[in-house]
Amino acid sequence: MTATLNTQTTLRDETEDAAPRRSFYASNESTIIGTISVVAFLFFWEYAVAAKWVNALFTSSPLRIITAGTAMVKEGTIWQDLATSGIEFGLGFGLATIIGVPLGILMGWYRRLNAVLEPFVNALYATPRIALLPLIVIWFGIDLGSKVAIVFLSTVFPILVNTMVGIRTVERDFIKVARSFGASDRQLFMTVALPSTVPFLLTGLRLGLGHALIGIVVGEMYGATSGIGYMMAVAGATFQTDRVMVGIIIIAASGMIMTQMLKMIEMRFEKWRVDSRS
Amino acid sequence: MSIAPTPKMQARGLRIGFYNERIKKRLNVLDGIDLSVAEGELVCIVGPSGCGKSTFLGAVDGLTRIDGGDVLIDGHAVTAPGPDRAMVFQHDSLFPWRTVLQNVVYGIEIQNSMSKADMNDRGRQLVELVGLKGFEDHFPHELSGGMRQRVNIARALAPDPELLLLDEPFAALDAQTREFMQVELLKILNRAKKTALFITHQIDEAIFLSNRVAVFSARPAKVKEIVEIDLPKERSLALKHEPRFRDLQAYIWRLIEEESARTGLVTAS
């Protein structure tokens with residue numbers, strides 16, 4: 001019994017050591033350095049324009065971007081563009097999840113279904129879906145439909161493929177344990193395959209997110225009547241660099257915010273994973 | 001240790017072979033294993049590496065298909081895994097997404113043999129039995145190797161199997177932890193009053209734990225010899241330094257050496 005007591009004390013000690021009290025700077029060092037470097041860059045950018053090292057017509061500048069942004073908010077068109085792009089993204093990404101996850105699970109679980117669908121999935125996954133845009137516009141027009149379709153196609157494959165791989169790569173030892181306790185196929189699926197697939201599925205969603213943003217921007221630039229990508233295309237064609245920059249910032253920010261949200265969901269689901277504990 | 005009239009587990013002429021894709025030939029792994037384990041007994045199986053010990057255990061558990069002969073549990077032939085047996089695997093294979101308690105009750109959950117409240121009570125009892133009280137809500141990655149192996153044992157014991165099958169459960173542990181775990185295992189098995197079949201590569205581990213040690217021959221495996229371990233029933237680590245213990249160790253080592261040499265010759269020709 002002494003052995004037990006010893007191991008327990010050691011573990012407790014280690015847990016306490018892992019969270020020592022550190023100064024504010026020490027525990028936020030990388031955030032602080034990162035912030036300083038971004039601020040320094042913005043100042044440099046603004047100064048380079050003011051000192052006429054570069055032409056603001058091409059490079060814009062932080063202050064000009066802010067001015068353009070406020071003007072766009074006052075005009076009110078920005079809200080319409082945001083709503084259009086948001087709806088396209090939501091519908092496309094939502095549909096891709098609703099269809100990609102179950103289909104990925106089925107393809108991972110049933111080898112025959114996989115054999116039927118895999119050639120198509122592989123071919124489409126390997127093709128840049130943007131290449132399908134002309135076809136999609138012919139089918140769905142230049143309104144909402146074509147953008148939902150391109151977002152859906154961009155997103156569904158990473159989600160599907162990752163889910164499928166997750167189901168297929170369930171550790172053999174786990175399967176043996178479940179079988180040894182007499183688990184049925186259904187139980188094996190529910191208690192082993194599904195939970196061990198969650199990390200793969202979330203990776204798929206995160207990859208899909210990036211593809212979805214590309215799909216929206218390119219789709220709207222190709223043919224649309226409103227949306228952030230459309231706004232950027234128009235501003236670019238009329239040499240309004242400041243407005244193009246506003247669009248870029250909106251896209252970048254929404255990408256970062258959504259990736260962060262997914263990361264938080266991942267932490268919630270993967271608190272059992274060593275590497276996700278901060 | 002005399003063998004009771006109806007053994008808990010009895011293998012009769014057990015034969016298992018696998019088809020080898022590479023050499024396009026059927027290889028016999030087990031070539032007529034005869035072995036019986038009495039109620040309450042702990043029998044260890046040792047033998048040269050790759051001789052089919054794990055295959056044998058898999059057959060007793062009902063995971064591996066049998067080609068000839070049979071395995072009887074309380075006189076009934078094994079065809080599939082059942083709640084009367086439970087396996088402790090070499091790699092602890094704890095589900096990383098389940099807490100200690102959730103891992104321990106996994107078998108009960110699968111066999112759906114208790115209400116949820118009873119299941120959790122039973123789980124807590126077992127966590128305590130293996131000396132991990134207070135760690136119920138920890139995740140496996142927060143535990144040391146020795147602790148994880150305790151959870152693994154608790155998980156196997158939870159559905160109250162009559163026969164515990166242990167496949168080199170301590171192989172991945174460091175030497176010190178392994179010795180402590182051997183003592184712990186004997187205590188746990190005594191308290192839980194289980195029959196056990198234990199595979200190991202460590203001869204001292206086999207002698208220390210068992211009533212009898214079955215030495216398997218090289219592949220295709222048969223039982224080469226069954227060595228009665230005539231050591232006192234109460235085992236402590238000091239026993240490992242007794243002359244009798246060393247004699248047994250040397251004796252069993254010679255048996256395995258003979259077998260390993262034999263395979264060496266077979267491969268050479």
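# Worked exercises on chains A and B

A:D81 counts as buried, because 21 C-beta neighbours lie inside 10 Å. The term buried applies to a residue with 20 or more other C-beta atoms within 10 Å of its own, exposed to one with 12 or fewer, and partly exposed to those in between, with C-beta atoms placed from the backbone.

This is a predicted model, in which local features need pLDDT of at least 70 and side-chain atom pairs count only at pLDDT 80 or more, while totals for chains, interfaces and linings use all residues. Residues are numbered from 1 along each chain as its sequence is written, and chains are lettered from A and ligands numbered from 1 in the order in which they are written.

## Exercise 1. Two residues of chain A

Task: Determine in which helix A:D81 lies and which residues A:D81 contacts beyond its neighbours within four places in sequence.

Solution. Step 1: A:D81 belongs to helix α6 (residues 77-109) of chain A; helices (H or I, at least four residues) and strands (E, at least two) are DSSP runs, numbered from the N terminus. Step 2: Beyond that window, the contacts of A:D81 are A:S226, A:G227, A:I228, A:Y230 and A:M231, a contact being two C-beta atoms, placed from the backbone, within 7 Å. Step 3: A:I228 stands 147 residues from A:D81 along the chain, yet their C-alpha atoms are separated by 5.1 Å.

Task: Is A:R206 buried, partly exposed or exposed?

Solution. Step 1: A:R206 sits in helix α11 (residues 185-222) of chain A. Step 2: Its 18 C-beta neighbours inside 10 Å are the reason why A:R206 counts as partly exposed. Step 3: Not counting residues up to four places away in sequence, A:R206 touches A:T259 and A:L262.

## Exercise 2. Overall form of chain B

Task: Decide how the radius of gyration of chain B relates to that of a compact globule.

Solution. Step 1: The radius is taken over C-alpha atoms, and the globule rule is 2.2 Å times the number of residues to the power 0.38. Step 2: For 269 residues the rule gives a value near 18 Å, so the 19 Å of chain B agrees with a compact globule. Step 3: Along the principal axes, the C-alpha atoms of chain B fill a box of roughly 60 × 45 × 40 Å. Step 4: Of the 269 residues in chain B, 47% are buried. Step 5: Among contacts in chain B with a separation of 6 or more, 70% join residues 24 or more positions apart.

## Exercise 3. The sheet of chain B

Task: Work out the strand order of the open sheet in chain B and which strands stand at its edges.

Solution. Step 1: Chain B contains 8 helices and 10 strands. Step 2: Strand β1 (residues 9-20) of chain B pairs with strand β2 (residues 25-37) of chain B in the antiparallel sense over 10 bridges; pairing requires at least two DSSP bridges between two strands. Step 3: B:M9 faces B:V37 in β2(B). Step 4: These two strands, β1(B) and β2(B), make a hairpin with 4 residues between them, and B:K24 in the turn has a positive phi of about 50 degrees. Step 5: β1(B) also pairs with strand β4 (residues 68-73) of chain B, antiparallel over 5 bridges, with B:R15 opposite B:G68 in β4(B). Step 6: The 4 strands therefore follow the order β2-β1-β4-β5 (chain B) with antiparallel pairing, and β2 and β5 (76-77) of chain B stand at the edges, each with a single partner strand, so one side of each has no neighbour in the sheet.

## Exercise 4. Helix α1(B) and the cores

Task: Establish how many residues of helix α1 (residues 53-61) of chain B are buried, and which residues have the most contacts inside the largest nonpolar core.

Solution. Step 1: In α1(B), 8 of the 9 residues are buried, among them B:F56, B:L57 and B:V60. Step 2: After α1(B) comes B:G62, with a positive phi near 95 degrees. Step 3: A nonpolar core is a set of buried Ala, Val, Leu, Ile, Met, Phe, Trp, Tyr and Cys residues joined through C-beta atoms within 7 Å. Step 4: The largest such core has 118 residues, and B:L165 and B:L197 have the most contacts inside it. Step 5: Helix α9 (residues 144-168) of chain A gives the most to this core, 13 residues. Step 6: Leaving out residues up to four places away in sequence, B:L165 touches residues including B:L57, B:V60 and B:L197.
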